[in-house]
Amino acid sequence: MTDSLYDIIEQVGRDLYLRALKDIPADVRRGIREGLEAERREGNRTAEQVMFTILENIKTAEEQDTLVCQDTGTPIFKVRVGSLLGVDIPRLEESLRRSCERATREHPLRSNSVHPLTRKNTGTNTGQGIPIIKLEFAPGSDRLDIQMAPKGSGSENMSFLRMLNPAEGVRGIKRFVLECIFESGARPCPPMIVGIGLGGTADLAMSLAKEASTFRQIGSSNPDPEAAALEKELLEKINQTGLGPQGLGGATTALGVHIEWAHTHITQNPVAVNIQCWRGERAEATIAADGTVTYL
Amino acid sequence: MATHVLETPLTETAVRRLELEDTVTINGTIFGIRDATQIRIFDEGVPPPVDLTGSVCLHTAPGVRRLPNGRYEKVSIGTTTSTRMDRFVPGLLETYGVRAIVGKGGLLEGSIEAMKRFGGVYLAIVGGAAALETLQIEEIEEVWWEDLMPECLWKFRVKSFGPLIVAIDSRGNSLYRQVQAQVRERIDSMF
């Protein structure tokens, strides 16, 4: 890749950060509209008002060209690198880091990035290990696909891991997920998107849960029929709890339940849960080999 | 489930009239407070430099732009989770006469009791709906303790601020507690 392509990556990263904060994805909007209809059918006035206000807020952000939520999140990039591009990965990472610094300075955005011990804020929304960059490689491709999610903290604080016994089986998994919903309550800004990581090791399970909560589309199903059936069952159960929008009661506790899985050890049954708030923020763009950018 | 339009400052009578799931919108001024603001007031023992009697306090740390004249312009003002700042609520009500807390996520038993005793309410705002909040906050009128930026003590002028839902009233009722009990029961019946 030429020098100018790293400049393009920097510009695209900056734009995606701002787009993700301002423009809610179509699948999430659809989920919220369906939730509003469900609350109307139930005749729950409080829940209906909450869902209506969420939609009004999304519209206002669009009209005023402003942020949907004040939490500018932790920047996460998921990049799929075409193998034919010959990308210099450290330079790609540097461009994405600069893209966050630029978005923060130029908009301006609140910076959330602090040292875990001193709590000193870097002021740039970047720092050691931040932005988080997840790389995938696409054989035979000459494109760069970039997804960006500024993960909000109210929902991220609702993250759970349990190394269940294999003997606890699927029933144990279901029970643990429902307990996580109870524990989360109103705090992650429901209606939420529930990401579940099954199998792997402890760290892989959590990484899969993040992928499920943050990068999957509402209404999508896991290609594995067993996992897809469990997604459907858990969505029904979570909505049957009655926690509702903002934890004030109602039929719409979750907009979606997504499972991502990996094989695991014979003696393990890891379950990780990561919650995403109703905002479901993410944005995506593709950069072609000639530098043409398409925002999706 | 009545609808109320309230002007600040709030009286005890106005607050005690509110019932769970009533809808409230506010005109006048509200104060923005967060963790650091209240650590200064209660843990460091520094009284707030402004009278909070009858006030409405919002749990926030706003995103702002500093203007050349030293004033602040709003960029994005939203609400943070109240549960984290639960321990300061009884003091705000008893010592400083605050009448309403606006936040998301709810408050715990000690605060519910204080609301009953001193005449206060918790008004739930829709968390994450910062675009609307920012629009309803007309101006940042004053700011104290700028060294705590962005967790300063903020004074905002608001118009039709809401909708806010009465989630804890001044009679010891909490909508969060009611919903939680129902969720517990339903989960237990599933397994």
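pLDDT is the predictor's confidence in each residue, on a scale from 0 to 100. This is a predicted model, and chain B averages a pLDDT of 96, with 100% of its residues scoring at least 70. The model as a whole scores ipTM 0.93 and pTM 0.95.

**Stop 1: chain B as a whole**

Select chain B and hide the rest. Its secondary structure comprises 6 helices and 9 strands. The radius of gyration is 16 Å, close to the 16 Å that the globule rule gives for 191 residues, so chain B is as compact as a globular protein of that length. Along the principal axes, the C-alpha atoms of chain B fill a box of roughly 60 × 35 × 35 Å. Colour by burial next: 50% of the 191 residues count as buried. Among contacts in chain B with a separation of 6 or more, 63% are between residues 24 or more positions apart.

**Stop 2: helix α4 of chain B**

Select residues 109-118 of chain B, which form helix α4. Which residues here are buried? They are S111(B), I112(B), A114(B) and M115(B). These four cover an arc of only 160° around the axis, which puts them on the same side of α4(B). Now turn to the face away from that buried side, where the exposed residues E109(B) and G110(B) sit.

To see what covers the buried residues of α4(B), add residues 89-96, 121-124 and 153-168 of chain B; these are α3, β7 and β9, which are included in the cover. Then step just past the end of the helix to G119(B), which takes a positive phi of about 85°.

**Stop 3: the sheet of chain A**

Switch to chain A and show an open sheet of 4 strands, in the order β4-β7-β5-β6 with mixed pairing. Strands β4 (159-164) and β6 (254-264) of chain A stand at the edges, each with a single partner strand, so one side of each is left without a neighbour in the sheet. From one strand to the next, the twist averages 15°.

Zoom in on β5(A), residues 192-200. It pairs with β6(A) in the parallel sense, over 8 bridges. One residue pair to label is G200(A) and its bridge partner in β6(A), T264(A).

Two helices can be added to this view. Helix α7 of chain A (residues 202-214) packs on the sheet and touches β4, β5, β6 and β7 of chain A. The direction of α7(A) makes about 150° with that of β5(A). Helix α6 of chain A (residues 169-184) lies across β4, β5 and β7 (269-276) of chain A, and runs at about 30° to β7(A).

**Stop 4: where the chains meet**

Bring chain B back. Here 41 residues of chain A are in contact with 40 residues of chain B. On the side of chain A that touches chain B, the elements that give two or more residues are α3 (45-64), α6 and α8 (225-240) of chain A. Which element gives the largest share of that side? It is α3(A), with 11 residues.

**Stop 5: K232 of chain A**

Finish on α8(A) by selecting K232(A), which is found in this helix. Is K232(A) buried or exposed? A residue counts as exposed if 12 or fewer other C-beta atoms lie within 10 Å of its own. K232(A) has 12 within 10 Å, so K232(A) is exposed. For a last distance, pick the C-alpha atoms of K232(A) and G256(A): they are 8.7 Å apart in space, while the two residues are 24 residues apart in sequence.

Technical notes
Residues are numbered from 1 along each chain as its sequence is written. Chains are lettered from A and ligands numbered from 1 in the order in which they are written. This is a predicted model: local features need pLDDT of at least 70, side-chain atom pairs count only at pLDDT 80 or more; totals for chains, interfaces and linings use all residues. Two strands pair if DSSP finds at least two bridges between them. Axes are lines fitted to C-alpha atoms, for helices over the stretch in contact, and angles run from 0 to 180 degrees between N-to-C directions. Two residues are in contact if their C-beta atoms, placed from the backbone, lie within 7 Å. A residue is buried if 20 or more other C-beta atoms lie within 10 Å of its own, exposed if 12 or fewer, and partly exposed in between; C-beta atoms are placed from the backbone. The arc is that of the directions from the helix axis to the C-beta atoms. The radius of gyration is taken over C-alpha atoms; the globule rule is 2.2 Å times the number of residues to the power 0.38.
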